[in-house]
2 protein chains.
Amino acid sequence: MAPTRDFLTPDVRTQEVNRPSSDYLDVRTPLRLDSGRTLNAYRIAYKTYGALNADKSNAILVTHALTGDQYVASHHPVTGKPGWWETLVGPGKPIDTDRFFVICPNVLGGCMGSTGPASINPDTDKPWGLDFPVITVGDMVNAQVPLIDHFGIDQLFCAIGGSMGGMQVLAWAARHRHRVFSAVPIATAAWHSSQNIAFHEVGRQAVMADPEWSQGRYLELGKEPRNGLAVARMAAHITYLSEEALQRKFGRNLQNLAAKSFSFNADFQVESYLRHQGSTFVDRFDANSYLYITRAIDYFDLAAEHGDVLANAFKDTKTRFCVVSFTSDWLYPTRESREIVQALNAVAANVSFVEIDSDKGHDAFLLEEPEMFATISGFINAGAARRGLKPARSG
Amino acid sequence: MAPTRDFLTPDVRTQEVNRPSSDYLDVRTPLRLDSGRTLNAYRIAYKTYGALNADKSNAILVTHALTGDQYVASHHPVTGKPGWWETLVGPGKPIDTDRFFVICPNVLGGCMGSTGPASINPDTDKPWGLDFPVITVGDMVNAQVPLIDHFGIDQLFCAIGGSMGGMQVLAWAARHRHRVFSAVPIATAAWHSSQNIAFHEVGRQAVMADPEWSQGRYLELGKEPRNGLAVARMAAHITYLSEEALQRKFGRNLQNLAAKSFSFNADFQVESYLRHQGSTFVDRFDANSYLYITRAIDYFDLAAEHGDVLANAFKDTKTRFCVVSFTSDWLYPTRESREIVQALNAVAANVSFVEIDSDKGHDAFLLEEPEMFATISGFINAGAARRGLKPARSG
């Protein structure tokens, strides 16, 4: 049943930033960041599903993408919409919460309760804004370690995520290899390409061009760079879809019109759709979080962290990998997944690789993709048998 | 030798809008637009190169792309830079101005002297702004007809252009078929795809999100939506290059830095490059022109104008066509050129088609591409022989 509270008001969003309706862990051990700066204390907001078994061997960490959050399999408290991966995670789903204990944290730098630029900086009692340190995907992962410790979990049964979630999976496998029994990086890459940095930079420039952004101090000034963030989202959204999917879904169809309006209205359905994507996004996301998280992705380069040899990131790994890509994903094309697979092969890692035929582009990983579900089910069940977990309840 | 005047000042640009330093033709015959509206009078600014022969059979019309202009083979009066297609057009070049009379008009809706939204509306004595009628590629072409008449040219020897220039070439061939002996549409399409409309819409929203845009009235208010237009250009510029070209040219190289800055500065060369593309563009281009011209491209759909059968656009054509595409062009991929070729084949037109192997993306048509030069030379020379034009001077 959908919650009855009001959604999509700025108040609700501000409340989620500072008093999340999900669980959270306040970490008081300082976190040394890749930048060299230190966060003395921080919060990780998270959701869990299912139950941790007695020997704490059935935990699956789900890591989210750029604009995702901890609400992987339950209603979002700001939008009221279903969880972003309910197709995959839930009772009887490929990631079966009757069997596994699923943990999904909001990333450091996010805006759904984990510490980020919208959170209150304890030193000033004002939102961090641009005083928040620039973080990396590795920092996000390091910040999640105390959460796993909190549950007394020595080794995650699996870390799984798509897009930036996949980068976190790779960073977990590289930085905390003994703590990851299996890893499923989906629709992702070991480094962010020049073109992808370019698209992120367009988005950041769109946000920063909005006068309401106010050098990042909009929250304390009671402003909101809605237009800039909407433009950023629109540009990014194009990269999440394939040209084929756009053409099939919208083509050159006109929106509620018998003929072209000869104006700058949203004549074409694709324009109307994009505008809707932009405006609904700004209702739920913080503009500075968008800057910080895109920056973290740009900085991601697992090879560079290991002497420019990607294989070194996985040296002596015992983790079992399942790498998944989609044929029509042009944000993280299959060849970038292949590089991961080749690096894993170079260190004789246990890796399976599946390229899934889909015309839905990068977003395929969030959608109804039976072949992806079957791949993940198969990999998880085989891993569970290997790990000695009880099989799923029959029937 | 470079001119000695000042460049890149708003004054110079305003001057070029209303008192172009190139030739121009003031047309007093009303132009009925595709929207149903009428322009009672308008100006087409243009450059010519070479000399028209006695029987007026050696004229080549060069049509420009979205942000191009009439300065195809001579210095630009605002930027001071060389002409945008000097590689192709000039004495001894593939389009040899010792042999051909080259006409290059600024499009209707442009901002380099042809009537557009930045021009003074004679009814109000203020810049047109959004009162300017929304135009189509077909309108641009119809507006060029009086210029060809002005020179007494019955039939152009050739119409050639890339990108939106190629759309104009197709529109010339469809709307004024008897006036085009040969046609070279390069890196273009007979209709604008959903993804391309989406990218244009992002650009327009970026411009319109800039408060300086002031509902399009920025010129009369002494404002300028520089930030919005720069973001629009940055997003568009990514689509002009290939991922490979970006990766080869910039990769993840840092800009003048030994290490990442952990800030939102332009750490990566590709960021710095994009910002430069944005800021130099706004120095030379009018934001409303950008809105109008992108809209015209979105509206372009030659099949829809002909009962949804593209071949009908070319029925009974006598024009000789040479269609050119580039392997790495993802804005107008080769399959869209093939659709043009198939339509031409369906009406038994004289058509040759060359897909050029290049990793430079859409912008390849503006660059040093020997195979493109050879293709165009060969096609033009064969056409000239057929047309009975004198061969080029030997030597």
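What rotation superposes chain B on chain A? In this predicted model, a rotation of 180° does so, with 0.0 Å of shift along its axis and an RMSD of 0.0 Å. The two copies are thus related as by a two-fold rotation axis.

**The contact between the chains**

Chain B gives 42 residues to the contact, and chain A gives 42 residues. Five helices of chain B supply two or more residues each to the side that touches chain A: α4 (194-209), α6 (226-240), α7 (243-249), α8 (269-284) and α9 (287-299). The largest share comes from α4(B), with eleven residues. By residue class, this side of chain B holds 22 nonpolar, ten polar and ten charged residues. How much of the chain B interface recurs in chain A? Of the interface residues of chain B, 100% are also interface residues in chain A, so the copies meet through the same surface.

**Two domains in chain A**

The domain assignment splits chain A in two. Domain 1 takes residues 10-195 + 303-387, and domain 2 takes 197-294. Their centres, taken over C-alpha atoms, are separated by 25 Å. Across the boundary, 30 residues of domain 1 of chain A are in contact with 23 residues of domain 2 of chain A. On the domain 1 side, β10 (126-127) and α4 of chain A each supply at least two residues. That side divides into 13 nonpolar, twelve polar and five charged residues.

**Helix α4 against helix α6 in chain A**

Helix α4 of chain A covers residues 194-209, and helix α6 of chain A covers residues 226-240. Their axes come within 7 Å and cross at roughly 165°. An angle over 145 degrees counts as roughly antiparallel; α4(A) and α6(A) are therefore roughly antiparallel to each other. The crossing of α4(A) past α6(A) is right-handed.

From α4(A), the contact uses A:Phe199, A:Val202, A:Gly203, A:Ala206, A:Val207 and A:Ala209. They meet A:Gly228, A:Leu229, A:Val231, A:Ala232, A:Ala235, A:Ala236 and A:Thr239 in α6(A). This set of residues divides into ten nonpolar, three polar and no charged. Among the polar members are A:Gly203 and A:Gly228, since Gly counts as polar here.

**Residue classes at the three contacts**

| Contact | Nonpolar | Polar | Charged |
|---|---|---|---|
| Side of chain B that touches chain A | 22 residues | ten residues | ten residues |
| Side of domain 1 of chain A that touches domain 2 of chain A | 13 residues | twelve residues | five residues |
| α4(A) with α6(A) | ten residues | three residues | no residues |

Note on methods. Residues are numbered from 1 along each chain as its sequence is written. Chains are lettered from A and ligands numbered from 1 in the order in which they are written. This is a predicted model: local features need pLDDT of at least 70, side-chain atom pairs count only at pLDDT 80 or more; totals for chains, interfaces and linings use all residues. Axes are lines fitted to C-alpha atoms, for helices over the stretch in contact, and angles run from 0 to 180 degrees between N-to-C directions. Helices (H or I, at least four residues) and strands (E, at least two) are DSSP runs, numbered from the N terminus. Angles under 35 degrees count as roughly parallel, over 145 as roughly antiparallel, 65 to 115 as roughly perpendicular and the rest as oblique. A crossing is left-handed if the near helix is turned anticlockwise from the far one by less than a right angle, and right-handed if clockwise. Two residues are in contact if their C-beta atoms, placed from the backbone, lie within 7 Å. Domain bounds come from an automatic or database domain assignment. Copies are superposed by least squares on the C-alpha atoms of residues with pLDDT of at least 70 in both.
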